[in-house]
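User: I am in my first year and would like a close look at one part of this model, with the surroundings of that part explained step by step. Please take your time and keep the account connected.

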Amino acid sequence: MNLLTVSGSPHVHTHQSVKSIMYGVVIALIPAIFVSLYFFGIDAARVIFISVAACLFFEWVIQKYLIKGPVTINDGSALVTGVLLAFNVPSNLPWWILVIGALVSIGIGKMSFGGLGKNPFNPALVGRVFLLISFPVQMTSWPLPKGLFGTGLTDAITGPTTLGVLKEGLSAGKTVQEIMASPDFPGYINDLMGAQGGSLGEISAIALLLGAVYMLSRKIITWHIPTAYIGSAVIFSGILWLVDPSHYIDPAMHLLAGGMILGVFYMATDMVSSPMTARGQIVFGIGAGLLTIMIRVWGAYPEGVSFAILIMNAFTPLINNAFKPKRFGEVVKNG
Amino acid sequence: MKTFKLGGVHPEENKISAGKAIEVLPLPAKVCIPVSQSLGAPSKVVVEKGAMVKTGQIIAKGESFISSNVHSSVAGKVTKIDDVIDTSGYKRQAVYIDVEGDEWEEGIDRSPEIIHDIVSDRDTIIRKINEMGVVGLGGATFPSHVKLMVPDGKKAEYLLINGVECEPYLTSDHRLMLERGEEMVIGVKILMKALGVGKAFIGIEKNKQDAIVHLNVICSKHPGVEVVPLKVKYPQGGEKQLIKAVLNREVPSGKLPIEVGCVVNNVGTALAVYEAVQKNKPLIDRVVTVTGKSVAKPSNLLVRIGTPVSALVEFAGGLPEDAGKVISGGPMMGKALTSMDVPVVKGTSGILIMQGAESKRAAALNCIRCGRCITACPMGLEPVLLAQLSENQLFERAEKERIMDCIECGSCHFTCPAGRPLLDYLRLGKNKTGILIRNRGKK
C-alpha cells in the first residue's frame, strides 16, 4: 500500500503563487514595452535586454557564490526589477551605467537584506536613484522620441522631459501658460500616448494603464495604493493650481507627465516594500502623492516619484505597526 | 445577497457528491466507539468486557456539566475496552464491540412516520437531548443541552441553524436538508421551544439552491422559521461569521454567541434533536460524505458511529490508486488521518481522499509581505505577524495581537502565495498562549 501524507489543515491552496504574481507584473508591462520599442526603437530593446540580463546575472552570482543558498532567478522577481529599472532610465544610457544600476538594485537593494521579501525599499528604485545621483548628466539627457505620427527615427537629438521643461521655464521666470505655449512642449495628447522625452517606460500613460487594469483584474494589486496616491496628488496639486495657475500646472498634467503612472501602479504597489493592511496602504498612497507633488513643485529635481516612493518605503514598518486591520468583534472600551 | 464582510476566501467547491442520495452503509462486523466524543470531560464507561449490548444502549455516561452520553451504535458483544487513536491523532478510551444482529433498545421509535406535535416541555426537551448524547454535529461536538441552558443575565433572541456547509467537497448537510428537511425543521421548532425564542433562521449558501427552495416550502408551514440564502464564501459556516452574515451582529472577542442573543446549531444537530425528542433515538448514526476526485463512487452514507473509516472507503469503491491523503472532514479544516482503522465519531462530517499530487505542500518561500493573509482573515487578524511572533516565542505580544481570536479556518495558509504554513504557527502560538493565560489565572 502506498504511504499517505499527514499534514495540518488546510489541505488545499490557492493557485496564486509568488511566481504567478511576478510574471503577472511582467505581462502587465508588455504594452509599455511595445510603446517604448515604437518610440525609441532598437535602443529600447538594448536597454531592456542589458538591464534584465544584468539583474538576473547578479542575482544568480550572489545567490550561488556569496550566499551559497538556493538560486531563485526563475521566480520572476529579478525579471520585474530588470524591466522596471530599464523603464526608469533614458534610452541612450551607456551599457556600463545600466550594469552598475542592476548591481545596486539587486545587490544592495535586495540581496543585502536577505533577498526577495526582506528588502525594505523597491530594488529598481534604489538602483534608479543611485544612478540619478551618481550619473546626473547621463541620467537626464533624454532622447526625444519621434512624434506620434512622425517617421524619423530616434537619433542623437536630446531634450528635457515635460516636467524638466516646466521646471526650467518656471525658474527662468516664465508662467506656466508661456511654457505650455512654446513649440517644444509635448502637451497632453503626446504625454498620454507616449510621444514625449523621458525614461523608457514612463512615457505612455495609456499603455501603463492598460497593464494596471490587467493587474487589478487578476488581483495582483489592489486599488488602495493607486487610488490614494492619485487622489492625494490630484487634490494637492489641484489646490496649488487653483491658487495660482500661472505658477502651478494642473493636476491632469501632473498625472500624465513624468513617472507618475509608472510609479503609482508598478512601484508604489510593490508588495514587499509597501504596507500590508488596506488602511496602511491608503496612508502610504496619500503620503507618496503629497511627497511627489512637493518635490516636483518645490524640490531641486523636476521629478519626485522615485524619491516619494522610497521615502514612504522607509515609513512602511511604522505604518504597518500603526494601522492595524479592523478586528472582528473589537470590544469598545467603555469609560 | 447576505454574507459576512471581513475577509474570507473562495476555494474550489468540488461538491462532487451533491447529487448522490443518502445510502445506508451496511452494518460493519466490528465497531470501536470512543467514549469521549464531545468537547468537555470524558465520559465514564458503564459496560464491561464480555457484556451483551443492544443498539441504542448507553455505554458511557457524561458525568460533568459539559460532557455527553455515548450509546452503542450496534447490537453485540463488548470484546474489550481499550485505547484507540481517533481522528485527532490522540489516544482515547474506546469500547470495542463485535456486531451480532441488530436488536434495538426498547422505547426507540424506528418507524418512518414523522411526528409533528411537540408535546415535551422545555425541561423534558433538554433532559432528553442530554440523555440521548446529542452534540453539535458541525464538527466542534459541543454538548447540545449545554447550549440550551442560557446563563443567567443573558437572553436568547434568535436561533440560527447552520446549513452553510462552506467546506469544499462536503455534501452531507446538503443531502440531509433535501432528504430529511421536514424532520430537521421539527428539530428546529423543538430547539426554539427549549430556548423560548420566536424566530429561527436557517442559513444556506446559494450553491445549494435546491435545498433553499425545498426548505422554503417546508418553512412556509412553520411560522417563525425562515431560510436565509447566503453568498458563497468560506468560512461562512463559522458561527461568528454566520451570525454576522444573517443578523449583522458581531460576537465580541472571547465571547460566545449568546452575548449577542444568538444560539447556533448545525442542521445535523437539529435532526438529531428531532430524533432524540420525538423518537427517543440516541445519537448513534450520522450522515458522512465520502468523496474525492479519484473516488470511484462518491457517496453520502448514513453510518453507525464507531464504524471504521476503511468500511466507508470500501463502500465508495475502495482507496484509489493515486490516493495521497485521507482527511476526516473537509479540505480547509479537516484532519489528515494516520490510519484507515480510525472510527467514525459524532463529529465526522466527511472522508475526503485527495490525489497524491495535491496532497503534498509546496516548499515555503520567503514572505513577500503581500498582505493577502490579512485580507483573507475573517477575524481581522494579521496572520503574518502572529506567525512571526509564535516562531519567535513572543506569546505575550501574540496575546495582545489577539491570537486567541483565531478560528483556525485556514484562509491565511490557503491564500499565501509563498505557501507559508501560517496556520501551523498560529496553532502552536494559540496553544502556548493559552497555557500562558491559564497559568496566569492560577497565580
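What follows is a request about one residue, and then an answer that moves outward from that residue.

User: In which strand is B:Val288 found, is B:Val288 buried or exposed, and which residues does B:Val288 touch?

Analyst: Before we begin, please keep in mind that this is a predicted model, and that everything said below describes that prediction.

The residue you ask about, B:Val288, belongs to strand E13 of chain B, a strand that covers residues 285-291. Around B:Val288 there are 24 other C-beta atoms within 10 Å, and because a residue counts as buried when 20 or more lie within that distance, B:Val288 is buried. Leaving aside residues up to four places away in sequence, B:Val288 touches B:Ser172, B:Leu301, B:Val303, B:Leu312, B:Val344, B:Thr348, B:Ser349, B:Gly350 and B:Ile351. A further pair to look at is B:Val288 and B:Lys346, which are 58 residues apart along the chain, while their C-alpha atoms are separated by 9.9 Å.

We can now step back from the residue to the chain. Chain B is divided into four parts, namely domain 1 (25-99), domain 2 (122-279), domain 3 (285-359) and domain 4 (372-442), and the strand of B:Val288, with residues 285-291, begins where domain 3 begins. Taken over C-alpha atoms, the centres of domain 1 and domain 3 of chain B are separated by 21 Å. Their contact takes 16 residues from domain 1 of chain B and 22 residues from domain 3 of chain B. On the domain 1 side of this contact, strand E2 (30-34) and strand E7 (76-85) of chain B each supply at least two residues, and E2(B) gives the largest share, with four residues. Sorted by class, the residues on that side of domain 1 of chain B are 10 nonpolar, five polar and one charged.

One step further out lies the partner chain. The contact between the chains takes 49 residues from chain B and 31 residues from chain A. On the side of chain B, at least two residues each come from strand E15 (323-328), strand E16 (335-336), helix H13 (411-415) and helix H14 (422-442), and the largest share, five residues, comes from E15(B). By class, this side of chain B has 25 nonpolar, 12 polar and 12 charged residues.

Within chain A, finally, we can look at how helices pack. Two packed helices are described by the angle between their axes and the distance between the axes. Helix H2 (residues 42-66) and helix H4 (residues 95-110) of chain A have axes that come within 8 Å and cross at roughly 40 degrees, and these two helices are therefore oblique to each other. The crossing of H2(A) and H4(A) is right-handed. Among the residues that meet there are A:Ile50, A:Ala54 and A:Phe58 in H2(A), and A:Leu98, A:Ala102 and A:Ile106 in H4(A); by class, this contact has 12 nonpolar, three polar and one charged residues.

For a second pair, helix H1 (residues 18-40) and helix H3 (residues 77-87) of chain A, the axes come within 9 Å and cross at roughly 25 degrees, which makes H1(A) roughly parallel to H3(A). The crossing of H1(A) and H3(A) is left-handed. Here A:Met22, A:Val25, A:Val26, A:Leu29 and A:Ala32 in H1(A) meet A:Ser77, A:Leu79, A:Val80, A:Val83 and A:Phe87 in H3(A), and by class the contact has nine nonpolar, one polar and no charged residues.

Definitions and conventions: Residues are numbered from 1 along each chain as its sequence is written. Chains are lettered from A and ligands numbered from 1 in the order in which they are written. This is a predicted model: local features need pLDDT of at least 70, side-chain atom pairs count only at pLDDT 80 or more; totals for chains, interfaces and linings use all residues. A residue is buried if 20 or more other C-beta atoms lie within 10 Å of its own, exposed if 12 or fewer, and partly exposed in between; C-beta atoms are placed from the backbone. Two residues are in contact if their C-beta atoms, placed from the backbone, lie within 7 Å. Axes are lines fitted to C-alpha atoms, for helices over the stretch in contact, and angles run from 0 to 180 degrees between N-to-C directions. Angles under 35 degrees count as roughly parallel, over 145 as roughly antiparallel, 65 to 115 as roughly perpendicular and the rest as oblique. A crossing is left-handed if the near helix is turned anticlockwise from the far one by less than a right angle, and right-handed if clockwise. Ala, Val, Leu, Ile, Met, Phe, Trp, Tyr, Cys and Pro count as nonpolar, Asp, Glu, Lys and Arg as charged, and the others, Gly among them, as polar. Domain bounds come from an automatic or database domain assignment.
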